[in-house]
Amino acid sequence: MNAAPLLAVEGLTKYFGRAPHLVRAVEDVSFDITPGEVLGLVGESGSGKSTIGRLVLRLIDSTAGAIRFEGQDVTKFPERHLKLLRRNAQMIFQDPYASLNPRLRVREIVGEALDAHRLASGTRRVQRIGELLETVGLQAAHMSRFPHEFSGGQRQRIGIARALAVEPKLIVADEPVSALDVSVQAQVINLLQDLRQRFGLAMLFISHDLDVVELMCDRIAVLYLGRVMEIGSSEDVSKRPRHPYTRALLAASPKADPDAPKIRRMLTGDIPSPMAPPSGCVFRTRCPAATEECSRNVPKLRSAGGGHRFACHYDLAYDEEPAAA
Ligand SMILES: Nc1ncnc2c1ncn2[C@@H]1O[C@H](COP(=O)(O)OP(=O)(O)OP(=O)(O)O)[C@@H](O)[C@H]1O
């Protein structure tokens, strides 16, 4: 619990564009990931999950905040130091079709990472590519094929082999199974679990699906309109959620108990535009329990004990009905 964080994100903020079209994609987000830990980022479409993943790997620049990787703030890294970051932190993308260059053989796709960091050459390089393919459940002989010769699940395995080539300490997995057939999703999740155990990988695991996140992650951060609504152990967040939004998300899951308390089933209306987020608590326009207070003040994250925190002015009992409007 007290291990020095591998990744420490503090007050991370990202705006796209300019006023009056300023998009507040990520607003004052903080979290840590310790070595070997898997943190899930969950939230509806547009909540800022991918943006956070891209910020962490410096694929895009932040507006404000710090991203410390092993204590060093990567937001301040000059371009030439980014290679060091990429040696330690890699991305697995959502779409295994778009993320692999169709003109390159698997050998070149996986080998590129080895070459960029001069990790292996000659016969050792070929051997290493074969090993990586076997590590992800493919065969060494597959290295001479092109991406189109593989199924979606197999392509995602190639993307994983490419990420593993540099022996990273952190993997940002952005919806790694959402584009796959349901029947294949579990296999890829199992592979990621297995790799995590084998290599002690830490992960930032991005998904809109709370069930997948619960399965995969040690801790979960729930995002809404670019802000953290709740963060804590998977167990606390999924079994003892304190924020009305987390409860609503859980209720929307196909696994939800139909007799669940009413507050959990009341997520209605659309997500407001990140160009015009509501005042006070950003969730208040969809929250069944919102009051005047919620429109005036932004709730701070507060502790529910044991590292579990939630950003709500109220602390409603789990089965409490919302106040009449
Ligand atoms: N390059 C960009 N320019 C302008 N707006 C952007 C850009 N990238 C993302 N956004 C906006 O930032 C917000 C957060 O987007 P982001 O993709 O991070 O959300 P997400 O939670 O990952 O959603 P999804 O699951 O749909 O990918 C959205 O409103 C999105 O439209």
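The exercises below work through the sheets and helix packing of a predicted model.

Residues are numbered from 1 along each chain as its sequence is written. Because the model is predicted, local features need pLDDT of at least 70 and side-chain atom pairs count only at pLDDT 80 or more, while totals for chains, interfaces and linings use all residues.

**Exercise 1. State which residues the annotated domain covers and describe its secondary structure.**

Step 1. The UniProt annotation "domain: ABC transporter", from an unreviewed entry, covers residues 7-250. UniProt positions are in the numbering used here, feature names are shortened, and annotations may be inferred rather than shown by experiment.

Step 2. Over residues 7-250 the chain is 37% helix and 25% strand. Helices (H or I, at least four residues) and strands (E, at least two) are DSSP runs, numbered from the N terminus.

Step 3. The end C-alpha atoms of this stretch are 27 Å apart.

**Exercise 2. Give the strand order of the sheet that has 4 strands, and find its edges.**

Step 1. The order is S2-S1-S4-S5, the sheet is open, and the pairing is antiparallel. Two strands pair if DSSP finds at least two bridges between them.

Step 2. S2 and S5 each have a single partner strand, so one side of each has no neighbour in the sheet.

Step 3. S1 and S2 pair over 7 bridges, with phenylalanine 16 opposite valine 23 in S2. S1 and S4 pair over 5 bridges, and glutamate 10 has alanine 66 in S4 as its bridge partner.

Step 4. Helix H1 (residues 49-56) lies across S1, S2 and S4, at about 120 degrees to S1. Axes are lines fitted to C-alpha atoms, for helices over the stretch in contact, and angles run from 0 to 180 degrees between N-to-C directions.

**Exercise 3. Find the backbone exceptions in the loops after S1 and S4.**

Step 1. Most residues other than glycine have a negative phi, and most peptide bonds are trans.

Step 2. S1 and S2 form a hairpin with 6 residues between them, and glycine 17 in the turn has a positive phi of about 75 degrees. Proline 20 is in the loop between strand S1 (7-16) and strand S2 (23-33). The peptide bond from alanine 19 to proline 20 is cis, with omega near 0 degrees.

Step 3. Glutamate 70 lies in the loop between strand S4 (64-69) and strand S5 (72-73). Glutamate 70 is not a glycine, yet its phi is positive, at about 45 degrees.

**Exercise 4. Describe the sheet of 8 strands and the helices that pack on it.**

Step 1. The open sheet runs S6-S7-S8-S3-S9-S10-S12-S11, with mixed pairing.

Step 2. Strand S6 (89-92) and strand S11 (302-305) are the edges; each has a single partner strand, so one side of each lacks a neighbour in the sheet. On average, neighbouring strands are turned by 20 degrees against each other, direction ignored.

Step 3. Strand S9 (residues 219-224) and strand S10 (residues 227-233) pair in the antiparallel sense over 6 bridges. Arginine 219 has serine 233 in S10 as its bridge partner.

Step 4. H5 packs on the sheet, touching S6 and strand S7 (170-174), and its direction makes about 175 degrees with that of S6. Helix H9 (residues 244-252) touches S9 and S10, at about 100 degrees to the direction of S9. Residues are in contact if their C-beta atoms, placed from the backbone, lie within 7 Å.

**Exercise 5. Classify the packing of H5 with H6, of H3 with H5 and of H3 with H4.**

Step 1. Angles under 35 degrees count as roughly parallel, over 145 as roughly antiparallel, 65 to 115 as roughly perpendicular and the rest as oblique.

Step 2. The axes of helix H5 (residues 152-164) and helix H6 (residues 182-199) come within 10 Å and cross at roughly 20 degrees. H5 and H6 are therefore roughly parallel. Their contact includes Ile160 and Leu164 of H5 and Leu191 and Leu195 of H6.

Step 3. Helix H3 (residues 106-116) and H5 pack at about 30 degrees, with axes 7 Å apart. H3 and H5 are therefore also roughly parallel. Val106, Ile109, Val110 and Ala113 of H3 meet Ile158, Ala161 and Arg162 of H5.

Step 4. H3 and helix H4 (residues 122-135) pack at about 110 degrees, with axes 10 Å apart. That makes H3 roughly perpendicular to H4. Arg107, Val110, Gly111 and Leu114 in H3 meet Arg125, Arg128, Ile129 and Leu132 in H4.

Notes
Contact = placed C-beta atoms within 7 Å.
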